[in-house]
Amino acid sequence: MKYLDEFRDGGLARGLAAAIAREVDPARAYRLMEFCGGHTHAIARYGLTGLLPANIQLIHGPGCPVCVLPVGRLQMAIELALRPGVILASYGDMLRVPGAGGDSLLAARARGADVRMVYAVDDALALARRHPQREVVFFAIGFETTTPPTAVAIRRAAAEGLGNFSVFCNHVLTPPAMAAILDAPEGTRLDGIIGPAHVSTVIGTSPYAFVPERHGKPVMVAGFEPLDVLHAVRLLVAQLGAGHATVGNAYTRVVAEHGNRKAQALMDEVFTVREQFEWRGLGTLAHSALRIRECYAAFDAERRFAPAEVAVTEHKGCECPAILRGAKQPQDCRLFGGACTPEHPLGACMVSSEGACAAHYLYGRWRAA
Amino acid sequence: MTRSPRDFPRRLDLARGRIELQHGGGGRAMTQLVEELFVAAFANPALCALNDQAVLPPPAGRLVLATDAHVVSPLFFPGGDIGSLAVNGTVNDVAMAGAQPLWLAAAFVLEEGLPLAELARIVESMARAAHAAGVAIVTGDTKVVEAGKGDGVFITTTGVGVARDGVDTGGDRARPGDAVLVSGPLGEHGIAVMACREGLAFDVPVRSDTAALHGLVAALLDAVPAAAIRVLRDPTRGGLGATLNEIARASAVGMQLREAAIPVREPVRAACEFLGLDPLYVACEGRLLAVCAPEHAGALLAALRAHPLGQGAALIGHCVSDPQHCVELETVLGGRRVVDWLAGEQLPRIC
């Protein structure tokens with residue numbers, strides 16, 4: 001595959017790994033957080049940890065969309081799905097995420113709810129066109145990557161007068177989450193951050209400037225291919241060696257400093273920032289998520305259906321919150337691999353392939369640990 | 001059988017007719033469907049006796065029996081359809097015992113409203129696949145469910161075959177040191193079905209690999225001593241990943257694979273990349289996986305490649321001793337990872 005295989009080249013990987021091994025300071029430890037689940041997946045999928053010197057520790061960040069969604073929001077979606085006449089459309093991973101008392105969208109479907117898996121929000125629009133007598137609710141999740149397509153769908157629904165389409169908006173923002181991680185006690189022990197790939201194509205690299213400025217730590221934006229990750233690790237090692245801390249870009253083939261302005265304008269037209277939003281693992285963060293603007297209120301499922309907000313307690317013993325903050329590793333959780341497996345996930349991190357626990361479990365990093 | 005023209009005054013309307021509840025009701029309509037469609041297509045002496053069972057001579061050797069239900073959606077896909085799949089799927093389950101398949105039984109669950117033209121296409125495809133495989137469909141059953149209670153047609157086939165003497169290909173026979181081979185590129189059936197399924201607007205030039213593999217199995221058994229072939233499996237649902245884990249567990253061995261050696265064609269890789277699937281877990285319907293004694297691996301690979309259904313064969317790894325029975329992969333980057341069982345359902349309704 002052109003433009004992919006080049007970034008998975010074994011020879012280049014060995015060369016990069018050797019360069020990193022030469023350039024690290026053996027007397028110190030490097031605690032680097034890969035922010036995104038896409039990085040976590042690539043690291044596990046290609047066995048990158050084994051290629052790095054032992055004093056480089058990669059710590060998983062919170063960048064897994066289904067993992068950071070609090071159980072209460074999932075319960076609201078389940079409640080919406082169970083309403084008569086509603087078709088709830090969502091991305092596949094979301095359907096298996098365990099909610100309160102082991103409930104999930106898949107379990108709701110088995111009880112009669114009409115829950116459809118879609119690959120893109122366009123498919124949800126198509127459902128609304130095909131079923132004019134039904135209410136189609138798109139369960140929108142994700143960081144800035146998936147937000148512009150949701151904005152386009154809402155605009156299109158408005159243009160078409162598609163009155164039976166609405167969005168249950170759970171889009172969240174990356175920089176506030178990064179700030180929350182760095183402000184937490186365990187965040188202060190990080191040496192640097194492998195910055196988001198797809199998110200940065202939309203927002204650019206400039207929103208991370210606060211990381212070196214306020215926290216004195218470097219950020220290196222990296223793609224999701226294995227060579228991208230190794231390249232970013234090498235550049236972070238170089239910055240730390242030279243005593244620098246800047247926002248760097250190791251993903252120049254798609255990420256620009258100021259991002260994609262057209263996508264940003266679309267987001268701004270359709271969404272506005274919420275006062276606060278709850279994140280799984282990070283708690284309630286100010287100005288960290290989006291809601292649909294007043295002018296598109298007709299397409300806002302929260303306004304149209306007013307689902308009841310529910311407070312839900314996490315499964316006792318589930319370490320997802322600490323794992324999402326980088327405070328713990330999956331194998332530190334006593335449920336990991338026993339009570340909680342990909343077949344029977346108790347926490348969201350075991351569901352998505354971008355979740356730290358699922359990546360550890362499926363690709364066997366737990367064996368080396 | 002003698003037939004009076006008055007039995008069925010009007011022939012089945014294969015152009016415009018549809019399945020009705022009476023086609024499963026045990027009356028004249030059902031008999032007409034069976035005779036004019038199924039018996040006409042599958043014609044063989046045992047079936048033409050029109051009894052509720054087939055009476056067959058006992059073959060010499062050990063009998064192999066396998067059954068498989070087919071619920072694929074859509075019914076027709078590039079490279080095949082539910083009919084050819086229902087024949088090849090069961091033929092392959094029999095063949096993986098190192099056996100020659102002889103007979104099939106077929107049970108159809110038809111949904112009210114199914115166009116007879118579609119059913120006729122499926123039945124003709126089954127007849128072609130059975131003929132190509134040299135097996136006879138000797139008995140069967142037809143049921144009809146109300147509209148909305150099925151999905152067009154479900155087909156269950158049961159196959160009987162005879163295993164070659166001295167051949168034992170059970171999943172518990174792999175030993176440390178044994179070689180692991182596959183007969184061709186992975187994932188083509190799963191991606192072909194996925195690509196043409198409603199809601200996934202991918203137009204990938206991939207055809208299902210559905211094929212009957214007993215000829216290939218016979219060629220392998222001719223090429224090396226029977227005892228050298230330890231395990232034969234067809235990696236259907238769950239793909240190579242699930243099949244290797246089953247063998248590793250049953251044989252209490254580990255496996256070490258090389259990712260770079262595992263054959264996957266370019267469009268399948270691209271489709272998997274798009275869909276977020278791992279080709280190691282995508283179903284094949286015309287590939288086999290062989291575990292064999294290391295000293296015969298070269299001869300077995302040559303025999304695979306010499307057969308039309310094994311031209312893309314590759315040696316992908318070895319069994320090792322491992323108390324945890326892990327299937328491990330050396331990635332294209334030189335890193336290592338485990339190839340675990342597939343969790344959940346990657347692609348529903350593909351066979």
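Visitor: Which residues touch the most other members of the largest nonpolar core?
Guide: In this predicted model, the largest nonpolar core holds 237 residues. Four of them touch the most other members, and they come from chains A and B: L88(A), F138(A), L181(B) and A290(B).

Visitor: And which helix of chain B gives the most to this core?
Guide: Look for residues 116-133 of chain B. That helix contributes 8 residues to the core, and its name is α4.

Visitor: Is F168(A) buried or exposed?
Guide: Let's find F168(A) first: its place is in strand β6 of chain A, residues 165-171. A residue needs 20 or more other C-beta atoms within 10 Å to count as buried. F168(A) has 24 within that distance, so it is buried.

Visitor: What separates the C-alpha atoms of F168(A) and F299(A)?
Guide: Along the chain, these two residues are 131 residues apart. Beyond its neighbours within four places in sequence, F168(A) has contacts that include F138(A), A301(A) and E302(A). As for F168(A) and F299(A), the separation of their C-alpha atoms is 8.8 Å.

Visitor: How many Å apart are the end C-alpha atoms of helix α12 of chain A?
Guide: Start with what to expect: 17 residues at 1.5 Å a residue should span 24 Å, because the expected span is 1.5 Å times one less than the number of residues. The model agrees with that expectation, with the end C-alpha atoms at a distance of 25 Å.

Visitor: Which residue follows α12(A)?
Guide: Within the helix, several residues are buried, among them P226(A), L230(A) and Q239(A). Just after the helix comes a residue whose phi is positive, near 75°. That residue is G243(A).

Visitor: Which strands stand at the edges of the open sheet in chain B?
Guide: Read the order of the 7 strands: β8-β10-β7-β11-β9-β12-β13, with mixed pairing. The two edge strands each have a single partner, so one side of each is left without a neighbour in the sheet. They are β8 and β13.

Visitor: Which helix packs on that sheet?
Guide: Follow the strands β7, β10 and β11 of chain B, which the helix touches. Its direction makes about 5° with that of β7(B). The helix covers residues 297-306 of chain B and is called α9.

Visitor: Which element gives the largest share of the side of chain B that touches chain A?
Guide: Here 18 residues of chain B are in contact with 23 residues of chain A. The elements giving two or more residues to chain B's side are α8 and β13 of chain B. The largest share, 4 residues, comes from α8(B).

How values were computed. Residues numbered from 1 in each chain as written. Chains lettered and ligands numbered in written order. Predicted model: local features only at pLDDT ≥ 70, side-chain atom pairs only at ≥ 80, totals over all residues. Buried ≥ 20, exposed ≤ 12 C-beta atoms within 10 Å, placed from the backbone. Contact = placed C-beta atoms within 7 Å. Core = buried A, V, L, I, M, F, W, Y, C linked by C-beta atoms within 7 Å. Pairing = 2+ DSSP bridges. Axes fitted to C-alpha atoms, helices over the stretch in contact; angles between N-to-C directions.
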